[in-house]
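Q: Got a minute to go through this one with me? I'd like to talk helices and packing.

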Amino acid sequence: MRTGWMMTASGWSANQFSALLGAYRSELGLSESAVTGLFALYVVGLIPGLLIGGPLADRRGRRPVALTALAVNLLSTCLLMAGSAATAWLLPGRFLTGISAGALLAAGSAWVKELSCPPYAPEGVPGAAARRPGLFVSAGFASGGLVAALIAQWLPYPMATAYVPHVVLAALAWAIAYRAPETRRPAARDGRAAAAGHGADAAAPDGAVDWSRFRRAVLPLAPWVFAAPAIGFATLPGLVDDGLTGWRTVYAGIATAVVPGCGLLVQPLARRLAVRNRFATASAGLGAITVGLALAVPAAAAAQPALALVAAAVLGAGYGFALSFGLTEAAAAAPPARLAMVTSLFWTAAYLGMLVPYALALLSRWWSMPVLLAAGAVLAAVTCGVFAAVGGRRNAPAALHRTAEPDRPRA
């Protein structure tokens with residue numbers, strides 16, 4: 001729990017801005033392209049943060065990288081607050097939010113996972129431990145956008161006061177995590193001893209990454225992890241809010257809460273599916289994303305806010321299943337000494353999906369949004385079919401089934 005609040009702060013920082021996209025257009029007069037560009041700038045900063053933060057956490061330790069990243073995350077929110085007076089501050093604010101959130105996701109995910117396994121958590125099991133960072137991040141996603149939207153709707157100076165809760169949360173999370181133990185020991189970094197805290201996944205500290213498993217199981221699914229929620233809370237609200245004069249910000253906040261909130265609600269089912277079949281969680285996630293995109297087509301065509309929220313909820317369920325599968329598979333493919341690096345690669349591939357709203361905005365010059373959403377539904381269905389076919393093979397290599405029952409203790 002000490003380190004989990006850091007992950008919640010990371011998710012909060014990402015989604016608090018998403019709920020204010022409409023407010024930036026109405027309150028500060030920013031154009032649609034400028035607002036969408038600021039949304040995408042987060043991903044531009046996030047990817048180098050992930051790619052640098054993961055390997056650095058493997059070499060230097062989880063604790064210093066995660067604490068530094070959270071401090072930068074706090075600074076980035078202060079810059080966004082300053083953007084209410086001078087919009088030029090929004091650019092470095094969003095970019096630093098991405099960099100800090102990326103490094104925090106990479107180092108913090110590994111830290112939370114390791115602290116959830118023996119010897120730190122004697123009853124911990126690898127599958128549940130690997131999914132736990134996603135639960136904390138999703139809690140931040142669900143809370144940050146809604147709280148920011150409600151503050152922006154009813155409190156004075158909305159473009160500044162909406163960020164105050166994250167400032168408080170990040171500061172408290174830093175103070176709480178400061179006393180958490182380091183799990184990446186210097187001896188393990190030098191290859192002289194096994195890393196502490198990896199439970200049943202512990203092996204040779206510098207063992208090889210199972211890249212075949214990562215390429216076949218993780219990479220095809222990863223972009224859908226955040227493509228689905230990004231469409232649900234960044235694209236759909238702007239397509240259906242014409243009749244919500246005066247309530248657009250609140251509606252956007254509700255959408256940003258509904259999507260990750262449903263992702264949290266499906267986690268018990270995700271655990272049960274993972275025990276039955278390794279690929280069942282992936283198939284369920286892609287199936288839900290397909291249905292969510294299919295529901296988004298009539299919602300966008302007829303500008304129906306209620307139907308759009310239903311589509312967002314289904315997309316959120318798909319996000320929850322996909323995130324659970326991706327984190328579990330990434331952890332299973334990584335030896336202890338490479339856990340943060342492999343986790344950072346998963347998050348990088350997943351966050352590429354956050355660029356989908358920007359891509360849809362560009363493509364909408366030639367095709368309508370309902371057509372583009374329908375095309376996305378077809379693509380998700382094809383990917384779902386591939387995973388269902390792979391999961392149904394009885395002759396899959398035994399190595400790929402080492403964590404088919406991630407929640408059961410191993411002998």
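What follows is a chat about helix packing, burial and a few single residues in this predicted model.

Q: Let's start with H4 and H5. At what angle do their axes cross?

A: Roughly 150 degrees, and the axes come within 7 Å. H4 covers residues 62–82 and H5 covers residues 90–115. That crossing makes H4 roughly antiparallel to H5, because angles over 145 degrees count that way.

Q: And is the crossing of H4 and H5 left-handed or right-handed?

A: Left-handed. The residues of the H4 contact with H5 divide into 17 nonpolar, six polar and four charged.

Q: Which residues of H4 are buried?

A: Arg62, Val65, Ala66, Leu67, Ala69, Leu70, Asn73, Ser76, Thr77, Leu79 and Leu80. So there's an arginine on that list, Arg62, along with Asn73, Ser76 and Thr77.

Q: Why would residues three or four places apart in a helix point the same way?

A: An α-helix has 3.6 residues a turn, so residues at that spacing end up pointing the same way.

Q: How far apart are the end C-alpha atoms of H4?

A: They're 31 Å apart. With 21 residues at 1.5 Å a residue, H4 should span 30 Å, so the two values agree.

Q: Switching to cysteines. How many disulfides does the structure hold?

A: Zero. Such a bond would be a covalent one between the sulfur atoms of two cysteines.

Q: Is Cys384 buried or exposed?

A: Cys384 counts as buried, at 16% relative accessibility. Cys78 is partly exposed, with a relative accessible area of 37%.

Q: Back to packing. How do H14 and H15 pack?

A: At an angle of about 160 degrees, with their axes 7 Å apart. That makes H14 roughly antiparallel to H15. Their crossing is left-handed, and by class the contact has 20 nonpolar, five polar and no charged residues.

Q: Which residue in the loop between H14 and H15 should I look at?

A: Try Ala303, which lies in that loop, with H14 at 280–302 and H15 at 305–333. Phi of Ala303 is near 55 degrees, a positive value in a residue other than glycine. Ala303 counts as partly exposed, at 34% relative accessibility.

Q: What about H1 and H8, how do those cross?

A: H1 (residues 4–18) and H8 (residues 164–177) cross at roughly 160 degrees, and their axes come within 9 Å. H1 and H8 are therefore roughly antiparallel to each other. H1 passes H8 in a left-handed crossing.

Q: How many residues of H1 are buried?

A: 14 of the 15, so H1 is largely enclosed by the rest of the structure. From its first C-alpha to its last, H1 reaches 22 Å, close to the 21 Å expected at 1.5 Å a residue.

Q: And how many of the H12 residues are buried?

A: 13 of the 18, so H12 is largely enclosed by the rest of the structure too. H12 (residues 248–265) reaches 25 Å between its first and last C-alpha, close to the 26 Å expected.

Q: Last one: where is Ala230?

A: In helix H11, residues 222–240. Ala230 is buried, with a relative accessible area of 0%.

Q: What separates the C-alpha atoms of Ala230 and Leu355?

A: 8.2 Å, with the two residues 125 apart along the chain.

Technical notes
Residues numbered from 1 in each chain as written. Predicted model: local features only at pLDDT ≥ 70, side-chain atom pairs only at ≥ 80, totals over all residues. Heavy atoms only, no water. Axes fitted to C-alpha atoms, helices over the stretch in contact; angles between N-to-C directions. Helix = DSSP H or I, 4+ residues; strand = E, 2+ residues; numbered from the N terminus. Parallel < 35°, antiparallel > 145°, perpendicular 65-115°, else oblique. Left-handed = near helix turned anticlockwise from the far one by under 90°. Nonpolar A, V, L, I, M, F, W, Y, C, P; charged D, E, K, R; others polar. Expected span 1.5 Å × (residues − 1). Buried < 20%, exposed > 50% of the residue type's maximum accessible area, 1.4 Å probe, protein only. Disulfide = S-S within 2.5 Å.
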